[in-house]
Structure formats: structure tokens, C-alpha cells
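Please read this report with the sequence and the 3D view side by side. It goes from the whole chain to a few single residues.

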Amino acid sequence: VILAAGAALFLAQTVLAWRALRWNQTAGNFDPAADRWLSHLAQGAEWFPLLGLIGTVAAILQTFSSITPGSNPTPQDIIRKYAPAITATGSGLFMALANILPTWVVAVGRDLIRSLAGYPTPAEPAPAAPPP
């Protein structure tokens, strides 16, 4: 479930990142139409570590509940039952890292394109002056 949701989110962010890197010739800047959605989807990617943690806890509880009292399970049996917990952790972390990439590509790509094209990078807004 985590991998499927992460892959769908990654695909949507990749399409939006491609649109965000298109140069608007008349405005002399990048097309900002996809920025809002790209930002929202990037915030959604922050939930994948939590989903992995929930999957890990659920799989650990399932592992311990499947061991009958008084039995002596082998280490191989415990590892086989514990594997879904590790898979959930790895899936959540992998999808979180993969879904950071499209936003990073837009941020770095825009600066790189501007610098190679000879355009100045936009200045950050000046901080507001403190009240007197």
C-alpha cells in the first residue's frame, strides 16, 4: 500500500515538476501554475515515514501474537514473521526520500537554468523593518 501510494504521488509530482520547469517566454520567468500543487503534494510525502512506522508496529504486534505460548520458535521462523515489519519501515523511508526529489529538482533546476541562460536569480524579499 505504501509503495503504491508513494509511486502514484511521485508520478504526479514528476509531471508537475516538468510543468514547473517550463519557461514562459512572454513573462520572462518560469510558469508558476504548478508550484502550488507541487508544494501540497510534497507536504503529503511527509506522511510516508509515519505510515511506515504504523506498518512496522502492526507487523510486530502480528508477529508476537502469532507465537503461541509455550512454543519454542526457531530463529528462522521469527525472522520470517518479522520481515513485514522491516519491509514497512523500508517502504516508508524509501517513498519519503523518493518524493522529496521532484521538489528539489525544481528548486535546483530553476536556479541552474537561470544561471546558464544569464538571467539573475530572483532576490529574496527584504525583511520588514521593525516598528519604531
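The text below describes the overall form of the chain, then a surface patch, and then two single residues.

The model shown here is a predicted one, and every value in this report was computed from it. The chain holds 5 helices and 2 strands, and when these elements are followed from the N terminus on, they run in the order α-β-β-α-α-α-α.

How does the chain with its 132 residues compare with a compact globule in radius of gyration? A compact globule of that length would have a value near 14 Å, whereas the chain has 23 Å. The spans of the C-alpha trace along the principal axes are about 75 × 45 × 20 Å. Of the 132 residues in the chain, 23% are buried, and the accessible surface comes to about 9300 Å², with 71% of this area belonging to carbon and sulfur atoms. If one takes the contacts with a separation of 6 or more, 71% of them are accounted for by residues that lie 24 or more positions apart.

One part of the surface deserves a separate description. Phe10, Leu97, Ile100, Leu101, Trp104, Val105 and Val108 together form a nonpolar patch, and their accessible area adds up to about 650 Å². Which helix gives the most residues to the nonpolar patch? That helix is H5, which covers residues 101-117 and contributes 4 residues. Ile100, another member of the patch, is placed in the loop between helix H4 (75-98) and H5.

Two single residues can now be set side by side, with the place and the relative accessibility of each.

| Residue | Place | Relative accessibility |
|---|---|---|
| Thr63 | helix H3 (residues 48-66) | 4% |
| Pro32 | loop between strand S2 (29-30) and helix H2 (35-44) | 55% |

Is Thr63 buried or exposed, given its relative accessibility of 4%? Thr63 counts as buried because its 4% is under the limit of 20% relative accessible area. Apart from neighbours within four places in sequence, Thr63 is in contact with Lys81 and Tyr82.

Pro32, by contrast, counts as exposed, because its relative accessibility of 55% is over the 50% that the term requires. Although Pro32 and Arg19 are 13 residues apart in sequence, the distance between them in space is 8.7 Å, taken from C-alpha to C-alpha.

Conventions:
Residues are numbered from 1 along each chain as its sequence is written. This is a predicted model: local features need pLDDT of at least 70, side-chain atom pairs count only at pLDDT 80 or more; totals for chains, interfaces and linings use all residues. Side-chain values use heavy atoms; hydrogens and water are left out. Patches are made of residues with over 30% relative accessible area and no salt bridge: like charges are joined within 9 Å, nonpolar side chains (Val, Leu, Ile, Met, Phe, Trp, Tyr) within 5 Å. Accessible areas come from the Shrake-Rupley method with a 1.4 Å probe; for residues, only the protein chains shown count as cover. A salt bridge is a side-chain nitrogen of Lys or Arg within 4 Å of a carboxyl oxygen of Asp or Glu. Buried means under 20% relative accessible area, exposed over 50%, partly exposed in between (1.4 Å probe, protein chains only). Contact means heavy atoms within 4.5 Å. The radius of gyration is taken over C-alpha atoms; the globule rule is 2.2 Å times the number of residues to the power 0.38.
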